[in-house]
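User: I would like to go through this model and test the labels attached to it. Let us take them one at a time, with the reasoning shown.

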Amino acid sequence: MLKYLLVARGFDVVEAVNGEEAIEMTERLRPGLILMDISLPRLDGLTATRRMRELSTLREVPIILLTGHAEPSWRVEALDAGCDDFLVKPLDIALLERVVTRHFSVESPVRS
């Protein structure tokens, strides 16, 4: 559903099925923004984020973590891992739009 919402608002969206694929795809495609879930198969979102931040090509790409974990400790862990923002599911769509707009680079080739 999130993909369709973003596409309807003019964003090109590419999905990875696991954390390892997310790293490979983001390194190859160099998106303008990454929406990362904590709960991913093969490699969780926090570990994937840490690995992305180790790559010079991905250090500056904004990463917004999406999670069902609302405890403050998860926010701290996400920011420590290198996330730029933290949103709790179920997502407030208006808040998501504001956060994406705030972090998204207008010059990015990913935006239509």
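User: Leaving aside neighbours within four places in sequence, which residues are in contact with Ala81?

Analyst: Ala81 is in contact with Leu46, Thr49, Arg50 and Arg53, once neighbours within four places in sequence are set aside. Keep in mind that this is a predicted model. Ala81 itself belongs to helix H4.

User: Why does Ala81 count as buried?

Analyst: Its relative accessibility is 5%. Buried means under 20%, so Ala81 qualifies.

User: How far apart are Ala81 and Gly68, in sequence and in space?

Analyst: They are 13 residues apart in sequence. From C-alpha to C-alpha, the distance is 17 Å.

User: What does Leu46 touch beyond four places in sequence?

Analyst: Leu46 touches Ile38, Leu65, Trp74, Glu77, Ala78 and Ala81.

User: Which residues of the largest nonpolar core touch the most other members?

Analyst: That core has 17 residues. Ile34, Met36, Leu46, Met52, Ile63, Leu65 and Ala78 touch the most other members. Helix H2, strand S1, helix H3, strand S2 (63-67) and helix H4 (72-81) each supply at least two residues. H3 gives the most, with three. Another core, of 11 residues, lies apart from this one and includes Leu6, Ile64, Leu87 and Val100.

User: Why is Thr26 called buried?

Analyst: Thr26 has 9% relative accessibility. The cut-off is under 20%, so Thr26 counts as buried. Thr26 sits in helix H2. Beyond four places in sequence, Thr26 is in contact with Pro31, Ile34, Met52 and Leu58.

User: Which other residues of H2 are buried, and what covers them?

Analyst: Gly19, Ala22, Ile23 and Met25 are buried along with Thr26. Strand S1 (34-37) and helix H3 (45-54) are among the elements covering the buried residues of H2.

User: What is found at the start of H2, and what follows this helix?

Analyst: At the start, a side-chain oxygen of Asn18 comes to within 3.0 Å of the backbone nitrogen of Glu20. A polar contact needs an N or O pair within 3.5 Å, so the distance of this pair passes the cut-off. After H2 comes Arg30, with a positive phi near 50 degrees.

User: Is Asn18 buried or exposed, and where does it lie?

Analyst: Asn18 lies in the loop between helix H1 (2-8) and helix H2 (19-29). Its relative accessible area is 7%. Set against the limit of 20%, that makes Asn18 buried. Not counting neighbours within four places in sequence, Asn18 is in contact with Leu40, Pro41 and Arg42.

User: How do you know which strands are paired in the sheet?

Analyst: Two strands pair if there are at least two bridges between them. Four bridges join S1 to S2. S2 and S3 also pair over four bridges. Both pairs therefore meet the cut-off. The sheet is open, has three strands in the order S1-S2-S3, and its pairing is parallel.

User: What makes S1 and strand S3 (85-88) edge strands?

Analyst: Each of S1 and S3 pairs on one side only. On average, neighbouring strands of this sheet are turned by 25 degrees against each other, direction ignored.

User: Which residues are bridge partners in the sheet?

Analyst: Met36 has Leu65 in S2 as its bridge partner. For Asp37, the partner in S2 is Leu66. Leu66 in turn stands opposite Leu87 in S3.

User: Which residues of S1 form its covered face, and which its uncovered face?

Analyst: Ile34 and Met36 make the covered face. Leu35 and Asp37 make the uncovered one.

User: What hand do the β-α-β units have?

Analyst: S1, H3 and S2 make a right-handed unit. S2, H4 and S3 make a right-handed unit as well.

User: Which strands does helix H5 lie across, and at what angle does it run to S3?

Analyst: H5 (residues 93-103) lies across S1, S2 and S3. It runs at about 165 degrees to S3. Angles between N-to-C directions go from 0 to 180 degrees, so at about 165 degrees H5 and S3 point in nearly opposite directions.

Technical notes. Residues numbered from 1 in each chain as written. Predicted model: local features only at pLDDT ≥ 70, side-chain atom pairs only at ≥ 80, totals over all residues. Heavy atoms only, no water. Buried < 20%, exposed > 50% of the residue type's maximum accessible area, 1.4 Å probe, protein only. Contact = heavy atoms within 4.5 Å. Polar contact = N/O pair within 3.5 Å; in protein donor to acceptor, adjacent residues only side chain to side chain. Core = buried A, V, L, I, M, F, W, Y, C linked by side-chain atoms within 4.5 Å. Right-handed = clockwise from strand over helix to strand, strands pointing away.
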